Amino acid sequence: MEYYLATTGLSEYWDLESKKIFLISPWCARYKKNADLLLSYEHSYISSPWESPLAKKEAGEYCCQVYDRVLLKLTDVMNKIHGVSFSEQYWRILLGPWLIMFIEMFYDRYGRIKKAFLENEQLYSNVLPEDQCRLRIKDFYHFKQIFLYKNYKHYANLILSSLIIRKFFSSHMREKPYAMQAPDWDWGVRESHSVVYKIWKNIFGKKNVKGVFCDTYFFGRKDKAVLSSLLGINKLDWIEFNDLPVENLSKETREDMRSMIKLDDPRDVFEGFIFEEIGQWMPMCYLENYVAYRKNALDGCRLEHIKVIGSSVGWAPNEFLKFLAAEGTDKKIPLVEFQHGGGFGDFLFSSVEKISFEKDIFYSWGWHSKNGKTKVLPNPHLSKNVGVYDPTGAEEDILFIGTNFTIFSFRFLNWPFPEDMDSYFNSKKEFIMHLNDSLQKKILYRGYPVSQRDENGIDEYGMDEFSIVKGFFPNIRFLEGPGLLKKMKQVKLVVIDHCSTSLYEALVMNVPCVFYWDHNVYVLKAETDQYFQMLRDAGILHQSAEHAAEHINKIWEDVPGWWRRSDVQAAREKVCARYAYAKKDWMKDWVDEFKRLLTS
């Protein structure tokens with residue numbers, strides 16, 4: 001007997017005549033209506049091929065190998081299409097962030113579908129007609145939005161599954177159309193944005209600027225003004241526009257241009273599949289609108305005067321930055337990246353970290369890489385919060401800081417995947433339930449901020465973190481809006497259930513804190529062991545929610561006394577020095593380093 005394999009969260013696309021439904025991943029059932037529907041059906045989830053930490057690491061390393069081979073082949077192809085002769089590094093800076101995500105997303109879906117059909121030969125799945133398997137992609141930001149955040153994400157991911165099943169498992173497919181309007185995007189120029197940009201470009205074009213910095217994230221206006229004044233007038237230019245407007249964009253793809261992207265000699269069948277698909281999926285800013293984007297970046301810009309180009313969070317989404325930097329790298333202008341958060345230097349594997357090392361220098365928060373490309377600079381954001389916590393007058397609250405994840409996997413790194421989500425959220429329930437009754441009432445929960453919700457009321461990540469937590473504890477209090485750091489300074493204890501930026505902020509602030517996470521999900525590099533073991537020995541870090549709660553029950557009557565213990569403070573200081581380097585006179589280090597960059 002045949003059974004249906006669901007690959008999408010669009011339940012109206014499922015074959016509900018099947019006696020049993022197999023689901024490729026938990027993302028198929030995240031909507032309440034889908035979960036309710038499945039109550040009437042026998043159903044089962046396909047186990048993930050990436051359950052072990054090693055499997056994630058090996059998959060990520062494989063994708064990086066494909067990435068490197070594709071980039072090497074694309075260099076000549078892209079040069080020929082556009083009549084230019086740029087280096088591989090030029091195209092790596094321009095295409096790299098999109099390309100690695102494109103490969104990782106396809107490989108994740110390929111691995112899941114392959115496992116499903118190889119283990120269950122009786123399965124079949126609906127796929128879209130070929131003419132519904134294409135999308136116009138504007139740029140990197142648009143690509144990420146429609147596959148991970150926008151209401152359109154389930155259909156976009158259905159396209160990926162359809163293409164993979166058509167290519168590799170056609171005997172298991174049943175073609176079924178699905179009517180959904182393709183997402184459009186803003187082709188025009190926002191007038192207010194355009195005016196600001198034209199003013200900036202007019203000024204920029206008249207200055208002999210030596211350093212261009214874009215989307216620096218942790219630098220406030222005052223910081224920029226002070227650093228610029230200490231270095232001298234016209235030394236630095238700060239560009240903080242996420243998407244500088246580009247005029248005269250084409251709205252139509254050109255098949256004659258895309259058909260020129262022909263790559264040969266793949267190493268295996270998946271790489272061959274990527275070779276075939278890449279021409280159809282490449283964002284239009286790198287093909288049809290390449291000339292417009294390049295002109296936009298170069299107009300009025302005097303590259304001959306620039307000594308360095310840098311950013312923290314702009315290297316992936318900011319096309320203006322990438323076009324400018326790509327031109328700069330072929331003129332031997334150093335490119336630098338500043339660490340903007342956790343997950344760098346500590347995770348066992350991260351493709352994001354690999355992409356970061358494609359710059360000439362990566363400024364870390366204290367750690368050093370084996371490739372010699374890292375330099376240490378005190379982080380301004382952390383530095384402004386060194387030791388700011390004062391237990392005097394602290395509220396009797398436990399600030400519980402959670403996080404959120406997209407329901408679709410899009411990176412191979414050692415953090416929660418879709419199949420880990422239920423366990424992650426259930427651990428919150430376990431943690432609170434193991435607290436003493438009196439302490440449960442002191443919980444103030446801070447979830448990950450959301451900016452939009454879909455037609456089902458689900459946040460853009462697809463998980464609806466707040467509803468899940470409220471379902472566990474209807475009377476729980478929430479901390480919403482800005483002001484997380486301010487609140488961290490006011491509470492008796494901070495609890496964090498994931499390995500990310502917030503834990504380093506808490507340690508730098510010297511606020512009493514307790515961390516826990518699944519050590520089989522958040523897997524860290526071997527070189528972190530000596531540091532994080534100190535946190536475990538001191539009672540700061542725990543391997544389960546239950547142990548963390550039991551520890552808090554024990555220390556609650558004298559949290560300050562526990563936190564002041566020499567072993568606790570030694571562990572905190574050691575981790576901060578290695579992974580959250582901060583100092584109150586951080587500006588001096590930045591001035592010295594920028595002087596070196598601008599005079600080299």
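**View 1. Lys 167 and the residues it touches.**
Leaving aside neighbours within four places in sequence, Lys 167 is in contact with Phe 273 and Glu 276. This is a predicted model, as are all the views that follow. Lys 167 itself belongs to helix α5, which covers residues 153-168. Is Lys 167 buried, exposed or partly exposed? Its relative accessibility is 40%, so Lys 167 counts as partly exposed. To place this residue in the wider chain, take Val 66 as a landmark: the two are 101 residues apart in sequence, and their C-alpha atoms lie 18 Å apart in space.

**View 2. Helix α4 and its covered residues.**
Helix α4 spans residues 140-149 and is mostly covered, with 8 of its 10 residues buried. Which residues of α4 are buried? They are Phe 140, His 142, Phe 143, Gln 145, Ile 146, Phe 147, Leu 148 and Tyr 149. A helix has a regular rhythm that helps when reading such a list: an α-helix has 3.6 residues a turn, so residues three or four places apart point the same way. Now look at what surrounds this helix. The buried residues of α4 pack against α3 (88-119), α5, α9 (269-281) and α11 (319-330).

**View 3. Strands β6 and β7, side by side.**
Here is a pair of strands to follow with your eye. Strand β6 (residues 211-214) runs parallel to β7, and 4 bridges join the two. Within this pair, Phe 213 stands opposite Trp 238 in β7. Strand β7 (residues 236-239) has both of its faces covered. Leu 236 and Trp 238 are buried on one side, and Asp 237 and Ile 239 are buried on the other. As a reminder for this and later views, strands of a sheet pair through backbone hydrogen bonds, either parallel or antiparallel.

**View 4. Strand β9 and its partners β8 and β10.**
Strand β9 (residues 335-338) can be followed from one partner to another. With β8 (residues 308-311), strand β9 pairs in the parallel sense over 3 bridges, and Gly 310 has Val 336 of β9 as its bridge partner. With β10, strand β9 also runs parallel, joined by 3 bridges, and there Phe 338 stands opposite Tyr 363 in β10. Which way do the residues of β9 point? Leu 335 and Glu 337 point one way, Val 336 and Phe 338 point the other way, and all are buried. Strand β10 (residues 361-364) is likewise covered on both faces: Ile 361 and Tyr 363 are buried on one side, Phe 362 and Ser 364 on the other.

**View 5. Two loop residues with a positive phi.**
This view brings together Asp 265 and Lys 332. Asp 265 is found in the loop between α8 (255-258) and α9. Although Asp 265 is not a glycine, it has a positive phi of about 60°. With a relative accessibility of 61%, over the 50% cut-off, Asp 265 counts as exposed. Where does Lys 332 lie? Lys 332 sits in the loop between α11 and β9. Its phi is also positive, at about 65°, although Lys 332 is not a glycine. Lys 332 counts as exposed too, at 72% relative accessibility.

**View 6. The open sheet of β14, β13, β12, β15, β16 and β17.**
What is the order of the strands in this open sheet of 6 strands? Reading across, the order is β14-β13-β12-β15-β16-β17, with parallel pairing. The edge strands are β14 (477-478) and β17 (541-542), and each of them pairs on one side only. At the β14 edge, strand β13 (residues 443-446) pairs with β14 in the parallel sense over 2 bridges. Tyr 445 stands opposite Phe 478 in β14.

**View 7. Stepping back to the whole chain.**
After the close-ups, a wider frame helps to place them. The protein chain holds 23 helices and 17 strands. Its radius of gyration is 25 Å, close to the 25 Å that the globule rule gives for 600 residues, so the chain is as compact as a globular protein of that length. The C-alpha atoms fill a box of roughly 70 × 70 × 45 Å along the principal axes. Of the 600 residues, 59% count as buried. Among contacts between residues at least 6 apart in sequence, 76% join residues at least 24 apart. At the surface, the accessible area comes to about 24500 Å², and 49% of it belongs to carbon and sulfur atoms. The chain has 79 positive and 81 negative charges, whose mean positions are 6 Å apart.

How values were computed:
Residues numbered from 1 in each chain as written. Predicted model: local features only at pLDDT ≥ 70, side-chain atom pairs only at ≥ 80, totals over all residues. Heavy atoms only, no water. Rg over C-alpha atoms; globule rule 2.2 N^0.38 Å. Buried < 20%, exposed > 50% of the residue type's maximum accessible area, 1.4 Å probe, protein only. Contact = heavy atoms within 4.5 Å. Areas by Shrake-Rupley, 256 points an atom, 1.4 Å probe, with all protein chains shown as cover. Lys, Arg positive; Asp, Glu negative; His and termini not counted. Charge placed at Lys NZ, Arg CZ, Asp CG, Glu CD. Pairing = 2+ DSSP bridges.
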